[in-house]
Structures are given as C-alpha cells and as structure tokens.
Amino acid sequence: MKEISQFIPKLSSVCKIYSGVISGSGIPCEDALTLVAFINSFPSVHDVESGIMDLVLKAPTERMEIVLKSLHTDLDRIVELYKDNSIYYDRKDLRFLWDKPLSYADKDIEVQQKKTQAASDELKEASNSYEMTPFNGMSQDEAAVLERRVDKLTAEYQKEKAKLQNFYSKRKRLQEDRWSVPTDIFRLIYLKCHDLLPVVEKYYNKPAEKNKEQSEQRTDLYLSMSLLASVHELCNGRQFEDMTAIDFFHALNLHQISKPLGVCKNEKVRVCYLIHQLSEKIDKGMRSEWIGAMFRTTGIEQDYYRSKYREPISDPPSKKNKEFAEALKEILG
C-alpha cells in the first residue's frame with residue numbers, strides 16, 4: 001500500500017523526535033511542525049488495516065514482514081516512551097519554541113518601520129516641493145530634476161514598504177505556526193499510535209507460511225528502518241540516485257528483492273565514508289559480510305575504499321565533505 005510506505009518514514013521521524021526529547025537534545029520549531037503535520041495526516045485504523053491486508057495478499061512475504069516489523073517497532077517505541085515519561089512530555093508546551101523567533105521578528109519590524117517612515121518623510125518633503133513648482137519660480141529644467149527625484153524616492157519608499165510587509169507576513173506565519181501546535185500534542189500522537197498498535201500486532205504476530213525458496217531468503221536486518229529513513233533523507237538524489245525510502249531500506253539490508261543502488265557522479269568518496277560509518281552500527285559478526293556486499297552493490301573497489309573512507313574527516317576536509325560528515329554524525333550520533 002502506497003500510503004503505508006509513505007507513513008513509515010514519517011513515523012520513524014516522529015519516533016526520533018520522541019527519543020530526542022527524552023535524551024535532552026531539544027526540539028526545534030521544524031520538528032514541532034513535523035509532529036503537527038504527522039497527527040493531521042494520521043491515517044485511520046481502517047485505512048491502515050486495509051493497507052496491511054493489501055500487503056498480505058499481494059506483497060512478497062519478506063516485504064510484508066519488513067513493513068510490519070518497521071510499523072510495529074516505531075509504534076511500540078512511541079507508546080512505551082510516552083508511557084514511561086508522560087509527565088515529562090505533558091509538561092512541554094511546544095508553543096514556547098516560537099518566543100525567540102517572534103521576538104526577532106518584532107525587532108525586524110521595528111527597525112524596518114523606522115526605515116520605511118524615513119523614506120516616507122523624505123518622499124513627502126520632495127513631493128511638497130514639486131507641487132509648489134508652479135508658484136516658486138522654478139525653471140522647467142529645475143522642475144524636471146525635482147520630478148525625477150520624486151520618482152526615485154517613490155521607488156525607494158515602495159521598496160522599503162514591501163520589506164515591511166514581508167516582515168509582517170513572516171510574523172503572521174510564525175504566529176499561525178505557533179498556534180497550530182496543540183499543547184498536548186505528544187499525548188495526542190501517543191493515543192493515535194496506541195490505537196493503531198493492536199491492529200499491526202494482529203498481523204505482525206501471525207506466522208507467515210513460507211515456501212522453500214522464501215525460507216532461504218535473508219530476513220535479518222543489518223540496519224533499522226528508523227535509522228535508514230534519516231540516511232535516505234540525507235543521501236537520496238545526492239550520494240545515491242533517486243529511489244524510495246523502502247527500496248533504499250531493502251538495498252542497504254541486502255534483500256534479494258532490492259533495486260540496484262546507483263552511486264551519483266563524484267560521490268564515491270562520501271559513499272565510502274557512509275559505508276564505514278554505517279558498518280559501525282552493524283554487529284561485528286556480520287560487518288565484513290555487509291561491507292563486502294556493499295562493495296559489489298556500489299562498484300567500489302576495496303583498495304579505493306581503504307584509501308578514501310576517511311577523507312571527509314581528513315585535515316582539512318573540503319567544505320562539501322565536512323558538511324556531509326557533520327550531517328551524518330547528527331543522524332548516527
């Protein structure tokens with residue numbers, strides 16, 4: 001079901017936000033709006049169950065199990081986090097996150113009001129002088145010069161006025177964003193996930209029949225969906241050719257149903273670094289197997305990997321390498 005494949009990355013992002021709040025890493029306005037968008041687009045229990053039935057009937061067994069496991073893992077994580085820390089979550093009024101941006105917006109407006117008023121005053125003075133030209137004995141050339149000055153000052157005033165309107169609009173958007181966040185948003189999302197979890201468990205716990213060919217396919221996970229959802233968001237269309245989050249998940253877990261993983265031009269060095277960093281998240285017993293398979297998947301040779309995988313954190317790294325390494329560190333911790 002397309003809706004479920006779109007829901008899983010969103011759920012993973014929300015799970016990450018819940019974990020981040022408890023770890024004390026804080027939450028920016030963007031994450032608060034992510035929670036709002038998530039709860040506003042939360043699918044009904046009926047729609048999710050219909051999607052699961054569609055997977056059961058049409059999808060390969062391995063794909064169905066992966067999707068259900070991903071759903072269950074993140075739903076269960078959110079539910080348990082809230083149950084264990086409900087007092088802490090319920091005390092967080094995320095609307096206060098907008099206090100600082102709104103104060104900055106007010107300062108911008110105050111400064112721009114002065115600039116706009118100064119432009120208006122200068123324009124009025126020039127306009128009054130121009131209107132008096134028939135009576136003050138000015139020549140046509142002098143009047144023409146004054147007229148051009150009025151036109152210039154009019155343009156400058158309109159420019160400053162437009163800036164002021166933009167600041168007003170920005171402040172209005174901030175206010176709208178602020179009041180779109182329910183004070184009990186963590187509880188509301190918990191209730192949604194709590195209601196959905198039994199539906200997923202009804203199918204997730206049901207043993208799936210496998211034929212011999214399916215039983216030989218790998219179902220173990222090297223890397224979780226919640227982790228790879230963030231990596232996909234960072235790398236898709238940049239280090240790797242465009243593909244869906246689900247296909248990316250399959251590819252990095254070396255599932256037989258996965259699509260080819262294409263490395264973008266001039267990105268092999270950063271992909272080497274990514275392979276190394278992700279391998280640190282894999283059990284030592286499976287690490288070499290996974291790295292070797294990634295070499296074959298990406299077309300990267302072992303000698304090239306060994307000489308390049310640390311380049312993004314070399315001294316000094318290029319700007320692009322440094323930005324990539326920092327973004328990946330934020331995801332992997």
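Two rings of Phe, Tyr or Trp count as a pair when their centres lie within 6.5 Å. With that in hand, let's look around this structure, which is a predicted model.

**Rings that meet**

Ring pairs join Tyr-18, Tyr-82, Tyr-89, Phe-186 and Tyr-190 into one cluster. Across the whole structure there are 12 aromatic pairs. One of them is made by Tyr-18 and Phe-186, whose ring centres sit 5.2 Å apart with 80° between the planes, an edge-to-face arrangement. Tyr-18 belongs to helix H1 (residues 2-23) and Phe-186 to helix H7 (residues 185-204), so this pair ties together parts that are 168 residues apart in sequence. As for their surroundings, both Tyr-18 and Phe-186 are buried.

Rings can have other partners too. Arg-178 lies over the face of Trp-179, 5.4 Å from the ring centre.

**Out on the surface**

Which residues make the nonpolar surface patch of about 270 Å²? The answer is Met-53, Val-56 and Leu-57. Val-56 has its place in helix H3 (residues 45-58). With a relative accessible area of 35%, Val-56 is partly exposed, because that label covers values between 20% and 50%.

**Tucked away**

Now for helix H10 (residues 245-252). Here 8 of the 8 residues are buried, so the helix is largely enclosed by the rest of the structure. Among those buried in H10 are Ile-246, Phe-248, Phe-249 and Leu-252, and Asp-247 and His-250 are buried as well. Just after H10 comes Leu-254, which takes a positive phi of about 60°.

Is Tyr-305 buried or exposed? Tyr-305 is buried, with a relative accessible area of 7%. This tyrosine lies in helix H13 (residues 302-308). Setting aside neighbours within four places in sequence, Tyr-305 is in contact with Cys-272, Ile-275, His-276, Ile-291, Phe-295 and Ile-300. Gln-158 is another story: its C-alpha atom is separated from that of Tyr-305 by 57 Å, and the two residues are 147 residues apart along the chain.

Here are two of the residues above, side by side:

| Residue | Relative accessible area | Label |
|---|---|---|
| Val-56 | 35% | Val-56 is partly exposed |
| Tyr-305 | 7% | Tyr-305 is buried |

**Looking back**

If you want a place to start in the 3D view, try the Tyr-18 and Phe-186 pair, which links helix H1 with helix H7. From there you can move on to the patch made by Met-53, Val-56 and Leu-57, and then to H10, where 8 of the 8 residues are buried.

Note on methods
Residues are numbered from 1 along each chain as its sequence is written. This is a predicted model: local features need pLDDT of at least 70, side-chain atom pairs count only at pLDDT 80 or more; totals for chains, interfaces and linings use all residues. Side-chain values use heavy atoms; hydrogens and water are left out. Rings of Phe, Tyr and Trp (its six-membered ring) pair if their centres lie within 6.5 Å; planes under 30 degrees apart count as stacked, over 60 as edge-to-face and the rest as tilted. Helices (H or I, at least four residues) and strands (E, at least two) are DSSP runs, numbered from the N terminus. Buried means under 20% relative accessible area, exposed over 50%, partly exposed in between (1.4 Å probe, protein chains only). A charge sits over a ring if NZ of Lys or CZ of Arg is within 6 Å of the ring centre and within 35 degrees of the ring normal. Patches are made of residues with over 30% relative accessible area and no salt bridge: like charges are joined within 9 Å, nonpolar side chains (Val, Leu, Ile, Met, Phe, Trp, Tyr) within 5 Å. Accessible areas come from the Shrake-Rupley method with a 1.4 Å probe; for residues, only the protein chains shown count as cover. A salt bridge is a side-chain nitrogen of Lys or Arg within 4 Å of a carboxyl oxygen of Asp or Glu. Contact means heavy atoms within 4.5 Å.
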